[in-house]
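Biologist: I'm new to reading models like this one. Could you walk me through it with a few questions?

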Amino acid sequence: MKFRDATAVESTGENLWRAELAENWDIVGNTNGGYMQAVAARASSLAVGGHDPVSVTGHFTRPGHTGPITIETEIVRQGFRFSVVRARVTQSDSIILETLGTYAKPAKHEQKILLSDVPPPVMPDPESCIPIVPADEASFPPPIFGEIDVRVDPVSGAGFFGGIAQAAPLVAGWFRLKDDEELDPFALILSSDAFPPTAFAASFPIGWTPTLELTVHIRLPRATGWIRCQFKSHFITGGFIEEDGLFWDQDDRLVAQSRQLALVSTSGG
């Protein structure tokens, strides 16, 4: 299913929307958080006339699952260029996600780059990286990887694929939608949660990292082809891990940034 169709929303009244969390956009039975946040952001965007997301923060309260959801939007502020929208996503009468985002009227001209002091990661081209393909019967890799195209850098992905893990909790790779579908700003939100957790790359004794909060900043709202992604963690303390993500287009322009806070669930108890 195309990403645009999988994130489609339908107005059912003033500030009310209906959507369907599509089948196979999940990880071990729970719908991917970045995908759910993209759906909420699409409803919020439509609430203010189709403006592009600039910054969207999501707080995840319960797992989502394949099936219908309801989205209630609230326009906190609507200005000439920037608007702020809150969204509440419910499923089976339970809140599963709340977002707060800033949305902007598309700019007529691209802004000049005044500072960019982090270069894109150096890694092999997509054809030489490791594609993540969902398993036919096992739960890992999960079904979502049949809906998107993710290629992991062989060095940072070695631990994930059973090789010798690196020392640093860092994952790099390439992302695109299937069938050359355009990477709109909602797809960039999805990309922020589309890679294996950084802790797995360094083989920390962590069983899973459920997302508590995810913030995505959109710098350039549209891209074509592959985007180059890098995720890095600096602290695993207090029962939490953060992941900082950076995303560049094929012209080495920064298109998005993200920060995710996740709960650390240690393996073996």
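Modeller: Sure, with a bit of vocabulary up front: two strands pair if DSSP finds at least two bridges between them. Helices (H or I, at least four residues) and strands (E, at least two) are DSSP runs, numbered from the N terminus. This is a predicted model, where local features need pLDDT of at least 70 and side-chain atom pairs count only at pLDDT 80 or more, while totals for chains, interfaces and linings use all residues. Residues are numbered from 1 along each chain as its sequence is written, and side-chain values use heavy atoms, leaving out hydrogens and water.

Biologist: Okay, strands it is. In the hairpin of β16 and β17, which residue takes a positive phi?

Modeller: β16 and β17 run antiparallel, paired over nine bridges. One pairing to look for is Leu-246, which stands opposite Gln-257 in β17. Five residues sit between the two strands of this hairpin, and the one with a positive phi, near 60 degrees, is Asp-252.

Biologist: And what is the bridge partner of Thr-211 in β17?

Modeller: Thr-211 belongs to β13, which spans 211-218. β13 and β17 are antiparallel too, joined by seven bridges. Look across to β17 and the partner of Thr-211 is Ala-262.

Biologist: Where does Thr-224 sit, and with which side chain does the side chain of Thr-224 make a polar contact?

Modeller: Thr-224 is in the loop between β13 and β14 (227-232). A polar contact is a pair of N or O atoms within 3.5 Å; within protein, one must be able to donate a hydrogen and the other to accept it, and residues adjacent in sequence count only if both atoms are side-chain atoms. Asp-251 is 27 residues away from Thr-224 in sequence, yet their C-alphas are 9.8 Å apart in space. The side-chain partner of Thr-224, at 3.2 Å, is Gln-250.

Biologist: Is Thr-224 buried or exposed?

Modeller: Here's the scale: buried means under 20% relative accessible area, exposed over 50%, and partly exposed in between (1.4 Å probe, protein chains only). The relative accessibility of Thr-224 is 52%, so this residue counts as exposed.

Biologist: Let's try a helix. How many residues of α2 are buried?

Modeller: α2 covers 15 residues and reaches 21 Å from its first C-alpha to its last, close to the 21 Å expected at 1.5 Å a residue. That expected span is 1.5 Å times one less than the number of residues in the helix. The rest of the structure largely encloses α2, because the number of its 15 residues that are buried is 14.

Biologist: Which residue caps the N-terminal end of α2?

Modeller: Let's check both ends. Following α2 comes Gly-49, with a positive phi near 85 degrees. At the N-terminal end, a side-chain oxygen lies 3.0 Å from the backbone nitrogen of Gly-34, and the residue it belongs to is Asn-32.

Biologist: Last one: the backbone oxygen of which residue lies 2.7 Å from a polar atom of the side chain of Ser-191?

Modeller: Ser-191 is part of helix α3, residues 185-191. Its relative accessible area is 0%, so Ser-191 is buried. In an α-helix there are 3.6 residues a turn, so residues three or four places apart point the same way. The backbone oxygen at 2.7 Å from the Ser-191 side chain comes from Leu-188.
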